[in-house]
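Subject: Structure for your review

Dear colleague,

Please find below the structure that I am handing over to you. My findings follow after it, arranged by topic.

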Amino acid sequence: MEFDLILNELSLRNLAPNEQIAQQWMSELIRTIKAFTAQGVKVSLRSKEHFHTIMLAPNYPLRRWLNEADQLERGFIKALAIKAPLSLDLSNSAIQDIENNSGLCEFYYQDELVIGLGIAHLLDAVGVSFLSDKCWNLSRLEIEAIQINQDGEIVKETLEIFHASRAHHVHEHVEWIKNRIRTGVLDGDDLWDRREELFPNLEFCNAVGKQLTNIRARQLELQSVVKILFELQNCCKNWKTGAFNVEGYALDESGESEATLNNYGKQRTFLCPDGKERLFERHIKLRFCNWRIHFFPREPGTIIIGYVGRHLPTVKYRT
């Protein structure tokens, strides 16, 4: 499994005071990345700028470090898959917009604009930092997301990012990494083929198959869809009696207005696996992309997924 690590550019906002400390930073970063590979994952490091041009200390770019570094460390960095810009080979313009500060969403760490940690959230990946400040000596970081929703309102949300700047931080994420290896999907085809294995409490309308198989590898929406489906699976598994409720789960649920159902109810009516047509009014919003997952709670322990894709038309938004 390929595992993205996203370099936090803020960890180099202040350069090392001298070359010796810069070398210590590099050694610590290498130990951190090796701790990930020790978990059996193939690692790629994504950085906002070309990694080899990064300045570590005054007049000391990473290229100079490469000329002077220990042979094993130099060989490790040369062999490491490094991707810059952050949006390289990702099939979604939203990440490019965020990277270029032109999107409808911005991320902040302690009131300072941050790109890498925001991308780490969108990709459900881990942010990594140079150990240049005590604030980076944490296995989790909190950032604030600010975006404009479809109603033109500014929405703020606090997010927790998995993070590492030392090898022992990685050890705190071992169970999460193992789960990602077990449940990781390559693309929409893989997700559809493994649906019964991954989501035993969810049933899927046949039409969802085509919707999922259209999702390509590394498409931004892929991890968002997977994450929401797992959250619905956990919620449904724990649904024993009464009405289905997503309270306490990381799910942003909405219903539809009466006017929308009167005008666009057919677009929300789907043929279910049992041969019945049902109205799928309830849906989950996928944050940071204009997608929805429509679902129908059939009975305790079973939810039907009727639609996965872009926002369906409403009275207010017809496209």
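I begin with E112, which counts as partly exposed at 31% relative accessibility. Please note that this is a predicted model, and that the values in this message are computed from it.

Salt bridges

E112 forms a salt bridge with R13, and the closest N and O atoms of the two are 2.5 Å apart. R13 lies in the loop between β1 and α1 (19–37), whereas E112 belongs to strand β7 (residues 112–113), so the pair ties together parts that are 99 residues apart in sequence. R13 is likewise partly exposed, at 36% relative accessibility.

A second salt bridge joins the side chains of E19 and R64, with an N to O distance of 3.1 Å. E19 is in helix α1 and R64 in helix α2 (residues 62–68), so this pair ties together parts that are 45 residues apart in sequence. E19 has a relative accessible area of 31% and is partly exposed; R64, at 31% relative accessibility, also counts as partly exposed.

In a third salt bridge, the side chains of R298 and E203 meet at 3.0 Å, N to O. Here strand β16 (residues 291–299) contributes R298 and strand β11 (residues 202–204) contributes E203, so parts that are 95 residues apart in sequence are tied together. R298 is partly exposed at 32% relative accessibility, and E203 is partly exposed at 27%. In addition, D4, R46, K83 and D89 are joined into one network by salt bridges that share partners. A search of the whole structure finds 19 salt bridges.

Nonpolar cores

The largest nonpolar core consists of 39 residues, and V225, L232 and I305 have the most contacts inside it. At least two residues of this core come from each of α8 (188–193), β11, α10 (206–213), α11, β15, β16 and β17 (302–310). Helix α11 provides the largest share, namely nine residues. If residues up to four places away in sequence are not counted, L232 touches L202, F244, L251, I284, I293, I303 and I305. Another core, of 36 residues, lies apart from the one just described; L29, W65, L80 and F130 are among its members.

Pocket and cavity

The largest pocket has a volume of about 1,400 Å³. Its lining comprises 45 residues, and L123, D124, R180, Q223 and K227 lie nearest the centre of the pocket. The elements that each supply at least two residues of this lining are β1 (2–7), α5 (116–122), β10 (154–164), α7 (174–183), α11 (220–237) and β15 (283–286). Helix α11 again deserves mention, since ten residues, the largest share of the pocket lining, come from α11. By class, the lining of the largest pocket divides into 23 nonpolar, nine polar and 13 charged residues.

How many cavities of 30 Å³ or more does the structure hold? There is one such cavity. The largest cavity contains about 40 Å³ of space and is lined by I98, N101, C105, E106, F107, L113, V114 and I115. Strand β6 (residues 105–109) gives the most to this lining, with three residues. The residues that line the largest cavity divide into six nonpolar, one polar and one charged.

Backbone geometry

Three backbone features may be of use when you inspect the loops. The peptide bond from A84 to P85 is cis, with omega near 0°, and P85 is placed in the loop between β5 (81–83) and α4 (93–99).

N59 is not a glycine, yet has a positive phi of about 60°. N59 lies in the loop between β3 (55–57) and β4 (60–61) and, at 63% relative accessibility, counts as exposed.

Q110, a residue other than glycine, also has a positive phi, near 50°. Q110 is found in the loop between β6 and β7. Is Q110 buried or exposed? With a relative accessible area of 60%, Q110 is exposed, because the cut-off for that class is over 50%.

Yours sincerely

Key:
Residues numbered from 1 in each chain as written. Predicted model: local features only at pLDDT ≥ 70, side-chain atom pairs only at ≥ 80, totals over all residues. Heavy atoms only, no water. 1 Å grid on protein atoms, 1.4 Å probe; cavity = no way out; pocket = protein on both sides within 12 Å on 5 of 7 lines; lining within 4 Å. Points joined across faces, edges and corners; volume = space filled by probe spheres on them. Helix = DSSP H or I, 4+ residues; strand = E, 2+ residues; numbered from the N terminus. Nonpolar A, V, L, I, M, F, W, Y, C, P; charged D, E, K, R; others polar. Salt bridge = Lys/Arg side-chain N within 4 Å of Asp/Glu carboxyl O. Buried < 20%, exposed > 50% of the residue type's maximum accessible area, 1.4 Å probe, protein only. Core = buried A, V, L, I, M, F, W, Y, C linked by side-chain atoms within 4.5 Å. Contact = heavy atoms within 4.5 Å.
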